[in-house]
Every structure is written in structure tokens, then in C-alpha cells.
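Q: I would like a close look at a single part of this structure, taken slowly and with its surroundings in view. Please begin from one pairing and work outwards.

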Amino acid sequence: MLSIDNLHAGCEGKTILQGINLDVKPGEVHAIMGPNGSGKSTLSTVVAGHEDYEISRGTILFDGEDIADLSADERAHKGIFLSFQYPVEIPGVTVTNFIKTAINQNRKAKGLEDMPANEMLKKIREKAALLEIDSRFLSRSLNEGFSGGEKKRNEIFQMAMLEPKLAILDETDSGLDIDALRIVANGVNKLRGKDRAIVVITHYQRLLEHIVPDFVHVLHDGKIVKSGTKELALELEEKGYDWIKQGA
Amino acid sequence: MDLKETLLSSYLAFDAQDGPQHKLQDQRAAAIEVFEQQGFPTKKEEDWKYTPLRNLIKTNYTVFPKEEVSLKLDEVKEYILQDVDTYKIVFVDGIYNAYLSETTHVGVDVCLLSAALTKPKYAATIKKYFNQIAAKDASLTALNTAFTKEGAYIHVPEGKLVEKPVQIIHFTTDKNPSLLLQPRNLIVVEKNAEIQIVERHQSLTTNESFTNVVTEIFTEQNAQLDYYKIQNDQTTASLIDSTYISQRKHSHAKVHTFSFGGKLTRNNLNFYHKDPEINSTMKGITLIEGSQFVDHHTLVHHAQPNSESHQDYKGIFAEKSTGVFNGKIIVEKEAQKTNAFQQNNNILMNDKASINTKPQLEIFADDVKCSHGCTIGQLDEDALFYMQTRGIPTKEARGLLTYAFASNVLQSVKIDSVKKRINKLIAEKLGVNIGFDV
């Protein structure tokens, strides 16, 4: 589904990713771990299509198509979703209105009519329940004054609504207490499926106890320096990132 | 002959026409003298520094319509709120149009100023209120006073809650080119009374037109006024609106100004507090493009203790458009415990667009809360990217963000039909389908 080959990318003339290779197939969950500054967030931002980032070498294929020239919204229409580490506050647009707009813009891109209001409402209720989101929450301005946990739940709620093929979860565990972590992880697990791939980007192993990955990759200095199965995460937790840095 | 001279000689004809027997003659004569001395404001005057009238007054406007024009409802339907039951006072080229109007004297007077000025039963109210709060020394207000003849007269008696909003609508047609309209409105809301008013000036032609409107409003004790100005005119139509509101104890006057069109629009919105414990609210959304120009000059004169004023103006300026915001708050020495808030936020969509924004606080009391904030910025790039990752294309994302920026001003709009209309106008201006209601 996602095939990254020798990706070199960065922004403002600085190359941050120095030759990433990653192959993600439908149904798989990959974890990308790494110390601060290793390029984790850059990788997710580049795949999502931020226009300030430039690819200097290598390719990103999604379902076999080179997506380098596609804008972020076009990538979203193809089925790529990025859950933000720091979701942006949008005062004046409620959670419900935002997701309605997003759903209908995705449908429009596919040549479909707007989703009928009752169908939309039903879906919103269903997905909100999945993330234990209160209906009052849905009429608040998007992310404005939300707690860390509420923001992340809202991200996964949007993922549930948009049903992407590939979801990249950037530091979804940061700022979460144990209860919120459980709710978010449960939500993500319910969204796992044979046609959907998930890439979990995280600094800590903690989230991976809840969202158990099929593969773990360790990123350091813009390169994947080690790949393995879920046991790698435990080993990393035990030995710390210095172990990787020394080995690299 | 320049416009000033034309107007001065027109005044002689106007005065001769219905002057001598007219009870306003003295006031008119005094007013034309003020205008004669001051002329049109120039950029040398602080209050008009950023607002050039030079081009506007190059056109030789006439104050006399050549003919009375009739309009079919179908021709103007889109400019009149239809989905709500309202009283209507409609003027076409400055002349009252009975066919499009719905006035009343049942429970409330919603009628013509010309009638109120001539009929004896209104004499006491006219004497008490007419030209009492309008500035005598402001040349454009004086010009209006000099030519006062017609406008809306609304008198809400004590304790009356007027359920139907009143629409005051002025149309300009192509039958009377280069017309200078000078409507004069008088609105009195007596003790414990309530009313909602919607005012609109709409040109139906691409001929140049110029409206210099003056509105005097009095809210007596505990009266509630909700006033909406919808300014979405042709790019050949200019408007100078001077509104003077005099408030008594516990009254609340709210004015929303939606400026989406026109060539040059200047709003002088003035609140005068005559008692303690008064509330004044003024909000606005300005959304313009091309070489449009919109100026908001607000004044709140806090003269007595324990009063509040709230100002919230949002401006969105595209292309080469220009905005001005000048918010003057005076807090007199006696006006302790005043709460005065002022907010003016602007987004420039383009580097050729501009806004001159200036808070002007003159505070003589020592126990007050006054705050003001102006911001000028662009749309948040991070928010745009965030929205894109959810499949919302840049154009729609920009539209939605801009809409969101302005939308909190809409939350205080009490007439649903106005709210919907403004919502729709914003969406149209931004070229996006908002797809939901506020």
C-alpha cells in the first residue's frame, strides 16, 4: 500500500530524512520509534504532503502511484490520514461541522453527492460512541480549549469517520493519561482491518502495549537503523535509545 | 460648479419648495450654514485621515429625483427579507413606495418621517427628539439635516414589545442617475419597549449613487434595541451612515453592521450614555474585495457609572480593498466602574489589501475596566494544512477558516432570517459552500 524508497526529504534546504525505506501492506500495523529529532514527525508530514517539505531523492508510492506531486488534500482523498501530534485549534467551527465538511469534500472528490444528513448523524453518533465522546463535545469549536486527551480522541474520531486506507498516528500517546490512552487505543484497535494499514509513530513503548504492532522500526538521524517485530520495542524500552545511537 | 456649490444652490430651491411653512426651517437653515462653512471633510481632518472623499464628490450628484419610479416585487425580492413577517418602509430613489411597504399605527408607529413632521399628533415627539442627538457640527450630518424631508419614523410606546422586525430599505434605480439620497430616520423606543430593525441601501443600477443617511435613536429606560445594517451594495454605490444613539438607564442597544459591498462606505456609529447602568453593543463583519473601501468609526461616550460597552469588529480584506477602524471610547470622570471592551481583528488575504485600525481611549475615571485589541494577520497556515489532511482543499479550507474567523459575530444575531442571509452572503463572497448553519 505504502512503499517508500530511499526517501530523502526536508525543509528550508535542510535534509532531515536521509534515505528511508519502508513497505507497509494492507492490514499491517507498523510502529516507528526513535529519539527526539530523529525525523519521525518529518516522515509523517512528508507522507501527508506538507508543501513546505521537499523530496530531494527517492519516491513515495501509495497503491502503486507516485504521490510526490499531490497536495495534502488530494492525498487525503486517496485514503491517507494523518493524526497530528498537536491538533490545530479552529475557533468558530464545531467538531460536527468540521467533520461534515471533511466527509463531504472527500465525497465530492470522488464524484459523490453530499452524505444525507440522517446518515451523517447516525455515523457521527456511532463513531463518537466508539471513542466515548459525549454529544456536547461535538458542538464545541474544534480543538479549542480541549484537553490533550480530548484532542487525541477527536483525531481518532475523525479517522473513524473518514475511514482512511492508511492512517499515520503521530505521537498519539503524548499528553494522554492512562484512561485516555486506553480509550484512544481501543478506538484505533477497532479500526484495524485487513484493508487498512496503520503507522504508529511514538517515542515510548507504552502505546504499543495497547496497539500491538506487526513491525517495529527504529529511526535515527533520518534513517531506519533497525527493524523487527514487537519485541524490538521492548528491547528498545529496556536498553534505551543510546543502544541504537551507539550501534548506528 | 463643484458638488458643494451645487448643493448650496439646491438648498435654496429645496427651501423655497417646502420651506417657509415648514417647522424645520430654522434647523435646516442653521445646518446648511455649518455645511457651507465646513464643506466636505478632507483628509486633513483627523477623523477623515484615511477616508478620501475626493473621488466621491467629483460626481455632480443631484438631490432631486426626476421621476417617481415604480418597482415590481420580483425585481427587488432578493433584497427584502421574505421568510419572516416584517413591517417595511421602502423608498425608491428617495420616494416612499407604498406598494412595497407595510407600515402601521397599531400598537407602534412605523411610518414616514414626512408624516410625523407634518401631523400635529407627532409634534411633541418630534420636538422632544428630532435633531437632539445628531451632531450639529459634523458637516455631513448637517448636510443631511439641511435637506431633511423623508425617512423612517418609528415610535415604540412604553412597554410594547414589537414582534415583527422593521425593514427600512432604500432602492436606487437607473431612472434617476447620480442621485444623492439623504434619508433621515428617527427611532424612539420608550421605557420597557423592544424592537428589531433591519436597514439596507441597495442600488439596482451601475450608475454612481451616494447616500448620506442620518439616524437618530433614543432608547429610554430599560428599552431594548436590536439594529442590523446590511451593506452589500453595488460597487458604484457609496454610503455615509451616521447613527446617533442616546441611551437611558438599563437600556441595551445593539447594532450589527455587515459590510460586504459598495464603493465607499463610512459608518459613524455613536452611542451616548445619559444615565448609569447602560449597555451598548456594536459588532460588525467587513468582507470586501476589489477596490472597495469600508470605514467604521465608532464612539461610545460613557458619562455615568456602571455601564458597559462591547465592540467586536472582524474585517476580511481581499485584493486591493481597504478598511478603516477607529474605535473611540470616552469614559468621563463620573463614569466609574465602566466596563468597555473593544476588539478589532483583521485578515488581509493579499498583500495589496490594507487596514488602518486605531483604538482611541480617553479615560478620565480611575476605577474602570477597558480593554482593546487589534490584530492584523493572515490565515493560519498550520490550520490550512491540518484541514487539507482531512481532505478539505485549500480554497474551501481558506473559506471555512475565514468564515470561522467572522462567525462569532453572527452568534448574537437574533433574527434567524438575517443570520441565514448573512451566512449565505459570506459563503458566496468566499466562493465556498459552507454546508452548515451557524
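In β18(B), which residue is the bridge partner of B:Asp312?

A: In this predicted model, the bridge partner of B:Asp312 in β18(B) is B:Gln343. That pair belongs to a longer register, since strand β16 of chain B, residues 308–317, and strand β18 of chain B, residues 339–348, run in the parallel sense and are joined over 10 bridges.

Helix α8 of chain B, residues 394–407, packs on the sheet here and touches β14 (279–288) as well as β16 and β18 of chain B. The direction of α8(B) makes about 165° with that of β16(B).

Stepping back to the sheet itself, 10 strands of chain B form an open sheet with mixed pairing, in the order β2-β1-β5-β8-β10-β12-β14-β16-β18-β20. At its edges stand β2 (95–96) and β20 (369–377) of chain B, each of which has a single partner strand, so one side of each is left without a neighbour in the sheet.

Elsewhere in chain B, helix α6, residues 139–146, has seven of its eight residues buried, and it is therefore largely enclosed by the rest of the structure. The buried residues are B:Leu140, B:Thr141, B:Ala142, B:Leu143, B:Asn144, B:Thr145 and B:Ala146, and what covers them includes the helices α1 (3–18) and α2 (25–38) together with the strands β7 (184–189), β9 (209–219) and β11 (237–247), which belong to chain B.

For the chain as a whole, the secondary structure of chain B comes to nine helices and 20 strands. Its radius of gyration is 21 Å, close to the 22 Å that the globule rule gives for 438 residues, so chain B is as compact as a globular protein of that length. The C-alpha atoms of chain B fill a box of roughly 70 × 50 × 45 Å along the principal axes, and buried residues make up 50% of the 438 residues. Among contacts in chain B between residues at least 6 apart in sequence, 82% join residues at least 24 apart.

Finally, chain B has a partner: 19 residues of chain B are in contact with 25 residues of chain A. On the chain A side, α2 (72–78), β7 (90–94), α3 (95–109) and α5 (148–162) each supply at least two residues, and α3(A) gives the most, with eight residues. The residues on that side of chain A divide into 13 nonpolar, 10 polar and two charged.

How values were computed
Residues numbered from 1 in each chain as written. Chains lettered and ligands numbered in written order. Predicted model: local features only at pLDDT ≥ 70, side-chain atom pairs only at ≥ 80, totals over all residues. Buried ≥ 20, exposed ≤ 12 C-beta atoms within 10 Å, placed from the backbone. Helix = DSSP H or I, 4+ residues; strand = E, 2+ residues; numbered from the N terminus. Contact = placed C-beta atoms within 7 Å. Pairing = 2+ DSSP bridges. Axes fitted to C-alpha atoms, helices over the stretch in contact; angles between N-to-C directions. Rg over C-alpha atoms; globule rule 2.2 N^0.38 Å. Nonpolar A, V, L, I, M, F, W, Y, C, P; charged D, E, K, R; others polar.
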